[in-house]
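Dear colleague,

I am handing over the structure below, and I would be glad if you kept it open while you read the notes that follow.

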Amino acid sequence: MARRVSMPAADDLFRPTTDPTTGAQPAPEQRPRRVRAVADDAEVAVEVVEPTGPKRPSGRVRHDEKMTVYVTADELLDIEHARLTLRRHGLAVDRGRLVREALALVLADLETQGADSALVQRLLDE
C-alpha cells in the first residue's frame with residue numbers, strides 16, 4: 001500500500017503577514033530583513049534635473065518596465081564572460097545591469113556622434 005505525503009494546506013502557505021485583529025506587523029526580530037536597492041545617485045532620484053550631459057543608466061533601482069530580448073547562445077556566453085571579467089575587477093553586476101550600462105553607452109554615443117556613431121556604422125554594415 002502506498003503512503004500519502006502530508007502537504008500543507010493553502011491557509012498554511014498563504015498566511016497573513018499582519019495580525020488581522022490589531023493590524024500590527026510582527027516584531028522586527030521575527031521579520032526577515034529586506035535589502036533594498038537604491039539609485040546610484042540619490043539626488044537625481046529625488047529632484048528633477050534637466051539633462052545637461054550624457055544620460056546615466058538607471059542603476060540599481062526597481063524597474064517598472066520590462067523588455068524581452070532574445071539572444072543567441074554565443075551572445076549570452078559573451079555577456080556572462082563580460083560579467084566574470086567585471087567580477088575580476090571587483091564589480092559584481094547582474095546581466096540586467098550590464099545590459100543597461102551597455103545600452104546607456106551606445107545611446108550616449110548615438111546622441112553625441114549621430115551618423116558617425118558606432119551603432120549607426122554597425123547597422124549600416126549589416
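**Serine 117 and its surroundings**

Serine 117 sits in the loop between helix H4 (95-113) and helix H5 (118-125), where helices are DSSP runs of H or I with at least four residues, numbered from the N terminus. The model is predicted, so local features need pLDDT of at least 70 and side-chain atom pairs count only at pLDDT 80 or more, while totals for chains, interfaces and linings use all residues. Residues are numbered from 1 along each chain as its sequence is written, and side-chain values use heavy atoms, with hydrogens and water left out.

Serine 117 is buried, with a relative accessible area of 0%, whereas leucine 119, in helix H5, is partly exposed at 28% (buried means under 20% relative accessible area, exposed over 50%, and partly exposed in between, with a 1.4 Å probe and protein chains only). The side chain of serine 117 reaches the backbone oxygen of glycine 114 at 3.0 Å, and a polar atom of that side chain lies 3.3 Å from the backbone nitrogen of valine 120.

Leaving aside residues up to four places away in sequence, serine 117 touches Asp109 and Leu110 (contact means heavy atoms within 4.5 Å). With its neighbours within four places likewise set aside, leucine 119 is in contact with Val106, Asp109 and Leu110. The C-alpha atoms of leucine 119 and aspartate 109, which are 10 residues apart along the chain, are separated by 8.0 Å.

With best wishes

Technical notes:
Helices (H or I, at least four residues) and strands (E, at least two) are DSSP runs, numbered from the N terminus. A polar contact is a pair of N or O atoms within 3.5 Å; within protein, one must be able to donate a hydrogen and the other to accept it, and residues adjacent in sequence count only if both atoms are side-chain atoms.
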